[in-house]
Each structure stands twice: as structure tokens, then as C-alpha cells.
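Welcome! Take a moment to turn the structure around on your screen, and then let us walk through it together.

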Amino acid sequence: MKKTKLKIAIAGAALVAAVATGTALAANGSSTGSGSTSGSQSSSERTRTEHAEQKTPSVIKADGPNVFPHSLDFDARSNTFFAGSLKHGTVSAVRPDGKVRTFIDDPELVSAQAVLVDRARDRILVSNVDYGTADRSRKDAPFRVAGVGSYDLKSGKQDWCVDLTALTLDGKQHLISDVTVAPDGTAYAVDELTPTVFRIDRTGHASVFLRNGLLKGTLDIPDLLNGVGMSAVEWVEGNQLIIAMADGSLVRVPVKHPEKAQEVKLSAPLGSPTAGMRLLKDGSIAAVSSGLLTGKPAPIQRVEPRDGWKKATVKVTDTVEDPVTSDVTAGPDGTTYALSGGLADLFAGKPHDGFSLTPVKTD
């Protein structure tokens, strides 16, 4: 593997604040007041318009300085987003009004990357990584931390935190980019820097689930990482894992027969580098691809499966102005939000005053 550097450059890209992409709902009906004049609204029209405006999702400006989240998830029961901090190794609770508070502060977490709310078991799963830029980092030995922790959804207390490097003992660099959970509570974690998928049972016992050449990283990100591979994973119907590769391809892994893993035939590749995914209610996937390499707005793409995920149709449904947008998640009232966590500043060693959640269209 080529030498890893710890700075990031976005050629010619001026980062701007993320903007809302949701469209206001139109008020239905017409004025019923016989005395209304041109250019005025009746009381009922104003009420409908105001109600529509209240329902229109807007950008959430989170007030967490130097949190630098890479991913997040939403808990509908508490109406709260949970976002991991690459800088502090904590997980923050984020309200829809942008208020941020530290919810998980576990000394074992160096950087908190993937965050998954497992509502069925009242826990939050968090991947433990080390880019070499965190408060708890080993600055001289980045990417030597790889793990997953489980935390109580109500208290934030640790259930367990497993070290996945103990299973490999290969001396290689590792980065647990994402984690998903099956209905039986088994978690699956993907390693961005080696072609390894880990399986973790509900008690925290971990094993190597799959090593496969299809999952080997081929994407180089100048001045940050080389050989970037698996970036996101979702468990889908049919007891399968759908794994997003940073190069824009998808791999389908049957859980009962992981040796039969194969690339999904896409109508068009996802944008590269693919950064995060969200499983939608109809079984499709919403994916966000960072504009890290181009400096252009980050595309949101909808992936609709065909033939049991052997094939899929891909279409762009929205964009986010901030190129370095790294995840997509559910939000209140059936919305979907994309996360822009200020990661360019993190890797450039600059401070950041907060982060943004932008509502996006997924169809």
C-alpha cells in the first residue's frame, strides 16, 4: 500500500454552506371570499400556506463546533439524530433545531465513524477508527484502530466494544467505514482498507465473515488515502448485504452463502467516491457520493433493485452544494437528510463551527 498522508485537498473547490433542496408544498383550492381582490389571500388560503411552510423541511445548522461527523442516524422515537465525531471520538445527540449535546463519551473510541441506531434492541452501534487527526489518535500510527462498539440507546453506556484488529493480526491499516444489522441482531462491519467483512453477534463476539477480491479497494484519494474500497453497507430483503465500493460499484453478498458474492449490474455507476447509503421503505437505496475529487456538488442517487439485487437502476434525484457530503439518513416525518460534516477542514487541520443536515429528494 502506498504511503498514507493526513491532509486533504479539493482542487479549485470553494466550499459553501449547504442549502435546503426541499420544495414547499403548494396550497390547494381557491379563494371562496366574494370580496377578495387580486393579489390578496383569503384566511383559509393563508392558513393552508402557513401549514405547508411549517411542513417544508429546512437545513438544520448543528451548533457542534469541531465535532466533524462523518455519518449519523435518526431515532424517530426520540426525534433525535445521532452523529459520530471523528475529532473527539464521541457521539452527539442532535435535535432538529440544531442543538447538540454529547451522548456517548467512551475512552475506547478514538474516532467515531459509522453510527447506526438499532431500534429493535435499543442500542447504537458505532465503528471505531483512527485517521490520526483525533484527540485520542496515535499521530505516528494512523489506521491501526478498527472496532465496533454497542451503546445503550437511552443512557449511552457501553454494552461492549470489540477490537477487530485482534482477528486479523496482519499488520495492515484498517478503517471500519460502516456497519449494518440483520433482523436477528447480527451486525456486519466493512473494512475500507482491506477486503474484509466482519460479523459480530449480539453479545459482541466477532469473527471474519468474508474476505473476497471483489471487495479490494482500487480508488486513490490524493493526499489522504490509497486503495479505498468498501465505503457503506446495508442489509436488504433476501438476507443479503449490499456493499458500496468507493469506485461507484455495488457488491451483493448472500449472507448464507457469502462465497457467492457478485457485483451488482448497475444501469449507471454511482458517483465516486460513494460515501453513504440509506435503505428506503420500498427496498430501494438512497446513496450520496462525495464531490471530494471534483469539487462539484455531491449527488444523491436512488438505486432500485431488480432480480433480487442482481441488477439495479440508478438515477440522480438531488444534489448538495457542499462537495464533502458524507452520509444520508432518515429524518422527521419521512424526510431524508444528507450530512455535511466539515471534513475538509478536519483533514486540513482547521477549526469548524458546526455541521449541516440538508433535506434531499430520494425519488
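**A guided walk, starting near T362**

Let us begin with one residue and its surroundings: leaving out residues up to four places away in sequence, T362 touches L280, A286, R302, T317 and T336. You will find T362 in the segment that follows strand β27, which covers residues 355–359. T362 has a relative accessible area of 13% and is buried, because buried means under 20%. Please keep in mind that this is a predicted model.

Now step back to see the whole protein. It has 363 residues, and 56% of them count as buried. Its secondary structure comprises three helices and 27 strands. Among the contacts with a separation of 6 or more, 53% are between residues 24 or more positions apart. On the outside, the protein exposes about 15800 Å², with carbon and sulfur atoms supplying 49% of that area.

What lies inside? The largest nonpolar core has 35 residues, and V148, L164, I176 and I200 touch the most other members. Helix α3, residues 343–347, gives the most to this core, contributing four residues. To get a feeling for the surroundings of L164, set aside its neighbours within four places in sequence: L164 is then in contact with A146, G147, V148, I176, A189, F198, I200 and A206. Another core, of 17 residues, lies apart from the largest one, and its members include L210, L215, V233 and I243.

Next, let us look at a sheet. Four strands form an open sheet in the order β2-β3-β4-β5, with antiparallel pairing. Which strands stand at the edges of this sheet? They are β2 (72–75) and β5 (100–105); each has a single partner strand, so one side of each is left without a neighbour in the sheet. Neighbouring strands here are turned by 25° against each other on average, direction ignored. Within the sheet, β3 (residues 80–84) and β4 (residues 90–94) pair in the antiparallel sense over four bridges. If you look for F81, you will see it opposite V94 in β4.

Finally, we come to the charged residues. Side chains of opposite charge can pair when their charged atoms come close. The structure holds nine salt bridges. One of them joins R136 and D105, with N and O 2.6 Å apart. This pair links distant parts of the chain: R136 sits in the loop between β7 (123–129) and β8 (147–152), D105 belongs to strand β5, and the two are 31 residues apart. R136 is partly exposed at a relative accessible area of 31%, and D105 is also partly exposed, at 49%.

Another salt bridge forms between D75 and R77, whose closest N and O atoms are 3.9 Å apart. Is D75 buried or exposed? With 4% relative accessibility, D75 counts as buried, whereas R77, at 58%, counts as exposed.

A further salt bridge brings us back to a neighbour of T362: R302 touches T362, and the side chain of R302 meets that of E304 at 2.8 Å, N to O. R302 is buried, with a relative accessible area of 8%, while E304 is partly exposed, with 29%. Elsewhere, salt bridges that share partners join D75, R77 and D122 into one network.

Note on methods:
Residues are numbered from 1 along each chain as its sequence is written. This is a predicted model: local features need pLDDT of at least 70, side-chain atom pairs count only at pLDDT 80 or more; totals for chains, interfaces and linings use all residues. Side-chain values use heavy atoms; hydrogens and water are left out. Buried means under 20% relative accessible area, exposed over 50%, partly exposed in between (1.4 Å probe, protein chains only). Contact means heavy atoms within 4.5 Å. Accessible areas come from the Shrake-Rupley method with a 1.4 Å probe; for residues, only the protein chains shown count as cover. A nonpolar core is a set of buried Ala, Val, Leu, Ile, Met, Phe, Trp, Tyr and Cys residues joined through side-chain atoms within 4.5 Å. Two strands pair if DSSP finds at least two bridges between them. Axes are lines fitted to C-alpha atoms, for helices over the stretch in contact, and angles run from 0 to 180 degrees between N-to-C directions. A salt bridge is a side-chain nitrogen of Lys or Arg within 4 Å of a carboxyl oxygen of Asp or Glu.
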